[in-house]
Amino acid sequence: MTESTTGDAPVKNGPAYAVLAEHLRTRILSGELQPGARLPGEAELTAEFGVGRSTIREALRSLASQNLITTTRGVTGGSFVAAPSVGHISAHLETGVALMAAAETVTVAQLMEVRNLMEVPAAGMAAFRRTDEHLEQLEASIFDPHSLQGPETFAKNQQFHLVLLRATDNPLLELITAPVFRVLSSRFGREHAPEGFWQCVDHDHRAILDVVAAGDSMAAMDLMRRHLDNLGDSYRRMDRRGPD
């Protein structure tokens, strides 16, 4: 067993477990093996690929490390294709974005540009698609900017944006945008925020909430654009690594 194919890029002459893992990964990502489907057993894999038990187990460990499969024990146990989770996938994407930011492969301005491209139209979509539950969650994320700042305030700030993304009823928007938002949030020394920063955030959030509740899509997009512009200016001043 010397070759496997992922898309148009064959993987040749790798370790047997890696080649087997690539074959199975391709089947999973192509949809041939659906979420929840049981992977072929050891006897089937041995017959198809001519590999031993240790190779199969190493291949399965590799797939599990990529969160592509889950394994259970017992009579009804086995290895199954993992069901996709927005939170799980988003967390992995966040790791990659964080590494790029740490290596200064991307700048604060570029991260904010992604937020603008995603969150501005998302605010407009949220105004059309939000439910009463979304509005309740947005209201619950509003905080008092004059109280002592701390982790709870930071969490509420993040929650406001995440709820807006969820209100679009498009999980891809949260998956793509949330990691960028969290990386930006973790990069800044918010305890050294410019004077009036949290008051500005509170003002913007309340204004956005009002127009989303009213179903005013255009106003929601305009206010979100202004809000992100304000954040971008403050983030550049708070950036621990200096200006871009």
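Me: Let's start with helix 7. Which residues in helix 7 are buried?
Reply: In this predicted model, the buried residues of helix 7 are T153, F154, N157, F160, H161, L162, V163, L164 and L165.

Me: And what covers the buried residues of helix 7?
Reply: The cover includes helix 5, helix 6, helix 8, helix 9 and helix 10.

Me: How far apart are the end C-alpha atoms of helix 7?
Reply: They are 22 Å apart. The helix has 16 residues, and at 1.5 Å a residue it should span 22 Å, so the two values agree.

Me: Back to L164. What does L164 touch, not counting residues up to four places away in sequence?
Reply: L164 touches A122, A126, L138, I208, V212 and M224.

Me: Now the largest nonpolar core. Which of the 36 residues touch the most other members?
Reply: Those are L138, L164 and Y235. So L164 turns up both on the buried list of helix 7 and among these three core residues.

Me: Which elements give two or more residues to this core?
Reply: Helix 4 (86–102), helix 5 (108–129), helix 6 (132–140), helix 7 (151–166), helix 8 (171–187), helix 9 (197–214) and helix 10 (217–238).

Me: What lies apart from it?
Reply: Another core, of 16 residues. Its members include L20, L39, I56 and L60.

Me: Any general background on that?
Reply: In soluble globular proteins, nonpolar side chains tend to be buried together.

Me: Switch to helix 9. Which residues of helix 9 are buried?
Reply: F197, W198, V201, D202, D204, H205, I208, L209, V211 and V212 are. I208 and V212 are also contacts of L164.

Me: What do the buried residues of helix 9 pack against?
Reply: They pack against helix 5, helix 6, helix 7 and helix 10.

Me: What span should helix 9 have?
Reply: With 18 residues at 1.5 Å each, helix 9 should span 26 Å. Its end C-alpha atoms are 26 Å apart, which agrees.

Me: What comes just after helix 9?
Reply: G215, with a positive phi of about 75°.

Me: Which residue has a positive phi of about 60° although it is not a glycine?
Reply: N67 does. N67 sits in the loop between helix 3 (53–65) and strand 3 (69–72). N67 is partly exposed, with a relative accessible area of 29%.

Me: What about E104? What is its phi near?
Reply: Phi of E104 is near 60°, again positive and again in a residue other than glycine. E104 belongs to the loop between helix 4 and helix 5.

Me: Is E104 buried or exposed?
Reply: Exposed, with a relative accessible area of 57%.

Me: Aromatics next. How many aromatic pairs does the structure hold?
Reply: It holds 3. One of them joins F143 and W198 and is edge-to-face, at 5.7 Å centre to centre with 80° between the planes.

Me: Where do F143 and W198 lie?
Reply: F143 is in the loop between helix 6 and helix 7, and W198 is in helix 9. The pair therefore ties together parts that are 55 residues apart in sequence.

Me: Are F143 and W198 buried or exposed?
Reply: F143 is buried, and W198 is buried too.

Me: Which residues form one aromatic cluster with them?
Reply: F154 and F197 join F143 and W198 in one cluster. F154 is also on the buried list of helix 7.

Me: How many cavities of 30 Å³ or more does a search of the whole structure find?
Reply: It finds 1. The largest cavity has a volume of about 30 Å³.

Me: Which residues line the largest cavity?
Reply: F197, C200, V201, N230, L231 and S234 do. Helix 9 and helix 10 are the elements that give two or more residues to the lining.

Me: Tell me about S234. Where is its place?
Reply: S234 is in helix 10. S234 is buried, with a relative accessible area of 8%. Not counting residues up to four places away in sequence, S234 touches P194 and F197.

Me: Last topic, F80. Where does F80 lie?
Reply: F80 lies in strand 4 (residues 78–81). At 18% relative accessibility, F80 counts as buried, since the cut-off is under 20%.

Me: What is F80 in contact with, leaving aside neighbours within four places in sequence?
Reply: G36, A37, R38, L39, L68, I69, T70 and T72. L39 is also a member of the core of 16 residues.

Conventions:
Residues are numbered from 1 along each chain as its sequence is written. This is a predicted model: local features need pLDDT of at least 70, side-chain atom pairs count only at pLDDT 80 or more; totals for chains, interfaces and linings use all residues. Side-chain values use heavy atoms; hydrogens and water are left out. A nonpolar core is a set of buried Ala, Val, Leu, Ile, Met, Phe, Trp, Tyr and Cys residues joined through side-chain atoms within 4.5 Å. Buried means under 20% relative accessible area, exposed over 50%, partly exposed in between (1.4 Å probe, protein chains only). Helices (H or I, at least four residues) and strands (E, at least two) are DSSP runs, numbered from the N terminus. Contact means heavy atoms within 4.5 Å. The expected span of a helix is 1.5 Å times one less than its number of residues. Rings of Phe, Tyr and Trp (its six-membered ring) pair if their centres lie within 6.5 Å; planes under 30 degrees apart count as stacked, over 60 as edge-to-face and the rest as tilted. On a 1 Å grid over the protein atoms alone, a cavity is a set of points where a 1.4 Å probe fits but cannot get out, and a pocket is an open set with protein on both sides within 12 Å along at least five of seven lines; lining residues have an atom within 4 Å of a point. Grid points are joined across faces, edges and corners, and a volume is the space filled by probe spheres set on the points.
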